[in-house]
Amino acid sequence: RVLFRSLGNIYLLYYEKPEIACEYYQKAYELDPNYSFALYNLGNISALNEDYESALKFYEKACEIERNPLFLNEYALMNYKLGNIDGAISILNSVLAMDAFNEWTNIYLGIIFTEAKSDYKTALQYFEAAKEINPDNPKTYYNLAKSYFFNSDKNNAIISIDSALKFEPDSDKFKALKNRIEEMDSNYNGQ
């Protein structure tokens, strides 16, 4: 089973052939139906192919076998993508109960509170927690900048997007947000 999973990883990560990787993960799962990492990887390929329903099922099975924060984060993300916002929040909160210092759990909660709940102050708390855990993740700074922007706090939005751009100066997405922030009316700078 480990050999098939390893072959799947090679085809997915090095050769970028998810269809072949899927065959190997499926063989690993057939050899051991309790092999949670095979299910997790099948979920990853389904998510990569934007088949969120299948991804959700694979992640759910993986979580039933093993309550691994990695699996739970992706299971929550699929719930979110499929519109189960409160379910996603509940799953992510269960991960934080197991591991309060899980960077991606904090990021996912911040994204949900920004995009689905429009609760930017709560989102900021999660992104700040993620930044404390890993101050070298440009996506955290980008998301912080978005939340500050939606909170009409231009100064902190600029500081955050500039931090993101230090890590990825060529990111078109980061540059576009910086332009939006700079165009923000100076009367609404959050001060």
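Two rings of Phe, Tyr or Trp form an aromatic pair if their centres lie within 6.5 Å. By this rule, the structure, which is a predicted model, holds 10 aromatic pairs. One of them joins W104 and Y108. A pair of aromatic rings is described by the distance of the centres and the angle of the planes. For W104 and Y108, the centres are 5.9 Å apart and the planes meet at 50 degrees, which makes the pair tilted. Planes under 30 degrees apart would count as stacked, and planes over 60 degrees apart as edge-to-face.

Both residues belong to helix α7, which covers residues 103-115. They are 4 residues apart, about one turn of the helix. Their surroundings can be compared through accessibility. W104 has a relative accessible area of 34% and is partly exposed. Y108 has a relative accessibility of 12%. It counts as buried because buried means under 20%.

A second pair is formed by F113 and Y126. The ring centres of F113 and Y126 are 5.7 Å apart, and the planes lie at 25 degrees, so this pair is stacked. F113 is part of helix α7, whereas Y126 is part of helix α8 (residues 120-133). The pair therefore ties together parts that are 13 residues apart in sequence. Both F113 and Y126 are buried.

Aromatic residues also appear in other settings. F37, Y40, Y59 and F71 form one aromatic cluster. At Y142, the ring has a charged partner. The charged end of K173 sits over this ring, 4.8 Å from the ring centre.

Helix α4 was examined for its length and its packing. It runs over residues 52-65 and has 14 residues. At 1.5 Å a residue, helix α4 should span 20 Å. The expected span is 1.5 Å times one less than the number of residues. The end C-alpha atoms of α4 are 20 Å apart, so the model agrees with the expected span. The buried residues of α4 are A55, L56, F58, Y59, A62 and C63. These buried residues pack against α3 (36-48) and α5 (69-81). Y59 is thus listed among the buried residues of α4, and it is also a member of the aromatic cluster with F37, Y40 and F71.

Helix α2 (residues 18-31) contains C22. With a relative accessible area of 28%, C22 is partly exposed. C22 touches L42 and I45, when residues up to four places away in sequence are not counted. C22 and L42 are 20 residues apart in sequence, yet their C-alpha atoms are 6.3 Å apart in space.

Backbone angles were considered next. Most residues other than glycine have a negative phi. E50 has a positive phi of about 60 degrees, although it is not a glycine. This residue is placed in the loop between α3 and α4. Its relative accessibility is 61%, and E50 counts as exposed because the limit for exposed is over 50%. S152 also has a positive phi of about 60 degrees, and it is not a glycine either. S152 is found in the loop between α9 (138-150) and α10 (154-167). With a relative accessible area of 28%, S152 is partly exposed.

The search then turned to empty space. Rolling a probe the size of a water molecule over the atoms shows where empty space is left. The structure holds 1 cavity of 30 Å³ or more. The largest cavity has a volume of about 40 Å³. L77, Y80, L92, Y108, I111 and I112 line the largest cavity. The elements that give two or more residues to this lining are α5 and α7. The largest share, 3 residues, comes from α7.

The largest pocket has a volume of about 280 Å³. It is lined by 16 residues, and the closest to its centre are L77, K81, Y108, I111 and E115. The elements α5, α7 and α9 each give two or more residues to the lining of the largest pocket. Here α7 gives the most, with 5 residues. Helix α7 thus recurs in these results. It holds both W104 and Y108, and it gives the largest share of the lining of the largest cavity. Y108 itself pairs with W104, lines the largest cavity and is among the residues closest to the centre of the largest pocket.

Key:
Residues numbered from 1 in each chain as written. Predicted model: local features only at pLDDT ≥ 70, side-chain atom pairs only at ≥ 80, totals over all residues. Heavy atoms only, no water. Phe/Tyr/Trp six-rings, centres within 6.5 Å; stacked < 30°, edge-to-face > 60°. Buried < 20%, exposed > 50% of the residue type's maximum accessible area, 1.4 Å probe, protein only. Lys NZ or Arg CZ within 6 Å of the ring centre and 35° of its normal. Contact = heavy atoms within 4.5 Å. 1 Å grid on protein atoms, 1.4 Å probe; cavity = no way out; pocket = protein on both sides within 12 Å on 5 of 7 lines; lining within 4 Å. Points joined across faces, edges and corners; volume = space filled by probe spheres on them.
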